[in-house]
Each structure stands twice: as C-alpha cells, then as structure tokens.
Amino acid sequence: MALSQAMTRRRRPFRMEEMRDIGQTGDRTRLALLAITVLAAGSVFSMLFSVTTGASDASILDVIRNMTGTETALSARDRIIIFDIRLPRAILGFLIGASLAVSGTLMQGLFRNPLADPGLVGVSSGASFGAVAIIVLGGGLAAPLVAIFGIYALPAAAFGGGLATTLLLYRIATRQGQTSVATMLLAGIALGALALALTGLLIYMANDQQLRDLTFWSMGSLAGATWTKIAAAGPIILLSFTALPFMARGLNAITLGEAAAFHMGVPVQRLKNVAIVGVAAATGASVAVSGGIGFVGIVVPHILRMAIGPDHRFLLPAAALLGGSLLIFADVLARTLVAPAELPIGIITAAVGGPFFLWILLKQRSRVAL
C-alpha cells in the first residue's frame, strides 16, 4: 500500500507537467473552441448549400421554412429532389467525410507520424476487398452472410476487410512498442497491393452489370445515396464515434511514447484495440456505401493541427466537422462541374489531396527514413 501511494504521488506531477500543451506553443484552448464553433456553423451551411444547389428553384430560405413547417414553399417536384435525393446525399457525405477525417486523425495519433491515413496504408483497400466480395459473391458463396446481415452485409464485410488489414499493418510496423514510419508505409503498400490483387480477381469474375457498378464505385461516389444506405452505414459510423471522448487524453499521452503513456496511467493496449476497431469500422462502413475516397484523412488533420494545435480533445471533433463539410463541398463540385453528367468524388479529393500529400512528404523527409 505504501509503495502504491508513493508511485501515485510520483506520477501525478509528471502527468500534469507532460500533458499540458503537448507540442504547442501556448494555450490554444480558446482558439480551438472558437474554431469548433465556426466549423459547426459551417457544417450546417454546407448541408443547406448542398441541398439547394443544382437543377431546382428552391432557395435556402425555402428549404428552412419547409423543414420548420412555417411555410410549404416547395413544389412537389422540389420536395422529391431535396428530401429524397439531395438530403440523404448530403447527410451521407457528411458522415463519410467525418469518419475518414477522424480515422486519419486516430491513425496519425496512434502511429505517431503524420503520414498515416486509411487510404495510404492499405486499410481502405482491405475494406474495398470485403465490399467487392459481397457485391460479386452475394448471390453465391456469400449468400448466407447476406441472408444473416441483410442491409448490413456490405458494411460488415468492408469492416472485416479493413479490420484485418489494420491489425496486420500494426503487427508488421510495430516492434517493442515503437512504430517504424518506413515499415508502416511499405507494409501498407504491400497489403494494399495484395488486397487490390484479390479485388481484381473478384472483378474478373463479375458479370457485366456488376462491372459497371464496380467501375464507378471504385472511384468514389455519393450518387447512389439513399435513406437505406444511411440506415446501413450511419449507425456503424456513429457508434465508432462514441469512444472518441475517452481516447483523446490517451492519444495526447501517446505522443510522448507508449512507455511514458503507460507510466502516466494510460491503458495503452486497450486504447490501441479500441482505436484500431474504430478505424476499421468507420472506414469499412464508409467504403461500403461510397467506394474509395482518398486523402480526406490526411488533409484535414494537418490543416487543423496548423490552426488549433495537436490536442486531440479538440482535434477529433474539429476533424469530424471539417471532414464532413469538405466532402459535401467536394460532392457539390463533382455534380456541378460537368453537369448534367457527374464526376466521381474520388477524382476531386485526389486532385486536391495528392499535391497536399507530396508537400507533407517533402516537409517531413528529413525526419522520415525512406
């Protein structure tokens, strides 16, 4: 008992000193809270902007009046366009953008490097393999799974593929509690290539209709957004978010190293397990309903770290808000740039995220042994 009390007295001052403003120059709490408030307002605006942009005469005020019941200013045609097509598309886009941004933030915090992202280290490829397996084999070998899980079969298969890839990646890249950035990136490339090879084999087995669906789906799109897809993917994404408030302080401590975090009282292994499962669930559900949308998970955390600092208590909710808003605006661009046709949203995010990733890589090359 005396030894335990002595260890407790020893840990408390170390914890308070080390946890204060980790990696920050000054307290950015007020700035972070202001940024979250602005991002929340921006998220609402992005949703309204999305549902009122396109081939419809409805304005933002008309939509607000109709939603609040103060006035039925929309025609029957506009109500169908907005509430059956655009609104589920905006909601699904926000959920996917938030899940990808939060997954990137979690992976960067867990691996303690700025290059971790579900799309770059093979997690999205693993989730894609699981989803394609259900799409192609759903009427044959995978029919029992479809019968058991119903509308959740596709997200569940994507979750399984993403989880398996994440666990393998962590096992390969981590040795004696230390994660090698170079090993992580190379292992991610290898695992992603393997998943893509298996996915290609399944695509070779697909019929013509499945091929057309998979081609557009593989580039990322929200064109098929429905309330049914929201019901399938939304609960999984939201459930993965419930653990975020309990992981923020632990991720802050891990920036000092796993050994230091353990001595500060953080249950490191449990934190790893929860974070890995959460990333796999959120990424898998997102990939299942939208296909491959890259670079959101690497662009958003870096923008926010430069603006509000690396404190995960504020970084995680800010990433969810900014990621959701950015993907909604990217979707608006995808369906208006070449109207009446539509660009895959993955092309928009890759065009912006690719140069941004190269900039980060060049900035970090002095610290990353590649």
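**Exercise 1. What volume does the second largest pocket have, and which elements line it?**

Solution. Keep in mind that we're working on a predicted model.

- Start with the size: the second largest pocket has a volume of about 570 Å³.
- Next, the wall. The lining of this pocket takes in 28 residues, and those nearest its centre are Gly 119, Leu 120, Ser 124, Ser 125 and Leu 196.
- Then sort by element. Two or more residues of the lining come from each of α5, α8 (181–205), α9 (208–218) and α16.
- Finally, pick the main contributor: α8 gives the most, with eight residues.

**Exercise 2. How many cavities of 30 Å³ or more does the structure hold, and which residues line the largest cavity?**

Solution.

- The count is three.
- The largest cavity has a volume of about 50 Å³.
- Its lining is made up of Leu 100, Asp 117, Pro 118, Gly 119, Ser 124, Ile 293, Gly 294, Phe 295, Val 296 and Gly 297.
- Now cross-check with the pocket of Exercise 1: Gly 119 and Ser 124 are in the cavity lining, and Gly 119 and Ser 124 are also named among the pocket residues nearest the centre.

**Exercise 3. Find the salt bridge of Arg 89 and work out which parts of the chain it ties together.**

Solution.

- A search of the whole structure turns up six salt bridges.
- In one of them, Arg 89 meets Glu 342, at 2.6 Å from N to O.
- Place the partners: Arg 89 lies in helix α4 (residues 76–111), while Glu 342 lies in the loop between α15 (312–336) and α16 (345–364), so the bridge ties together parts that are 253 residues apart in sequence.
- Check the burial of each end, with under 20% relative accessible area counting as buried. Arg 89, at 9%, is buried, whereas Glu 342, at 24%, is partly exposed.

**Exercise 4. Which residues are linked with Arg 89 in a network of salt bridges?**

Solution.

- The network links Arg 89, Asp 331, Arg 335 and Glu 342.
- Look at the Arg 335 to Asp 331 bridge in it: the closest N and O atoms are 3.7 Å apart. That fits under the 4 Å cut-off for a salt bridge.
- Both residues sit in helix α15, four residues apart, so about one helical turn separates Arg 335 from Asp 331.
- Both ends are buried: Arg 335 has a relative accessible area of 13%, and Asp 331 has 2%.

**Exercise 5. Does the Glu 258 to Arg 112 bridge link distant or neighbouring parts of the chain?**

Solution.

- The side chains of Glu 258 and Arg 112 meet at 3.8 Å, N to O.
- Distant is the right word: Glu 258 is in helix α12 (residues 258–263) and Arg 112 is in the loop between α4 and α5 (123–137), 146 residues apart.
- Glu 258 is buried at 10% relative accessible area; Arg 112 is partly exposed at 25%.
- Step along the chain from Glu 258. Eleven residues away is Gln 269, with the two C-alpha atoms separated by 9.3 Å.
- Gln 269 belongs to helix α13 and is partly exposed, at 48% relative accessible area.

**Exercise 6. Compare the spans of α13 and α15 with what you'd expect at 1.5 Å a residue.**

Solution.

- For α15, 25 residues give an expected 36 Å, and the first and last C-alpha atoms are 35 Å apart, which is close.
- For α13 (residues 268–290), 23 residues should span 33 Å, and the end C-alpha atoms are indeed 33 Å apart.
- Now burial. In α15, 19 of the 25 residues are buried, so this helix is largely enclosed by the rest of the structure. In α13, 18 of the 23 are buried, so α13 is largely enclosed too.
- Look just past the end of α13: Gly 291 takes a positive phi of about 80°.

**Exercise 7. Which residues form the nonpolar patch that includes Ile 151?**

Solution.

- The patch is made of Leu 145, Ile 148, Phe 149, Ile 151 and Tyr 152.
- Together they offer about 490 Å² of accessible area.
- Ile 151 is found in the loop between α6 (143–149) and α7 (153–173).
- With a relative accessibility of 45%, Ile 151 counts as partly exposed.

How values were computed: Residues are numbered from 1 along each chain as its sequence is written. This is a predicted model: local features need pLDDT of at least 70, side-chain atom pairs count only at pLDDT 80 or more; totals for chains, interfaces and linings use all residues. Side-chain values use heavy atoms; hydrogens and water are left out. Buried means under 20% relative accessible area, exposed over 50%, partly exposed in between (1.4 Å probe, protein chains only). Patches are made of residues with over 30% relative accessible area and no salt bridge: like charges are joined within 9 Å, nonpolar side chains (Val, Leu, Ile, Met, Phe, Trp, Tyr) within 5 Å. Accessible areas come from the Shrake-Rupley method with a 1.4 Å probe; for residues, only the protein chains shown count as cover. The expected span of a helix is 1.5 Å times one less than its number of residues. On a 1 Å grid over the protein atoms alone, a cavity is a set of points where a 1.4 Å probe fits but cannot get out, and a pocket is an open set with protein on both sides within 12 Å along at least five of seven lines; lining residues have an atom within 4 Å of a point. Grid points are joined across faces, edges and corners, and a volume is the space filled by probe spheres set on the points.
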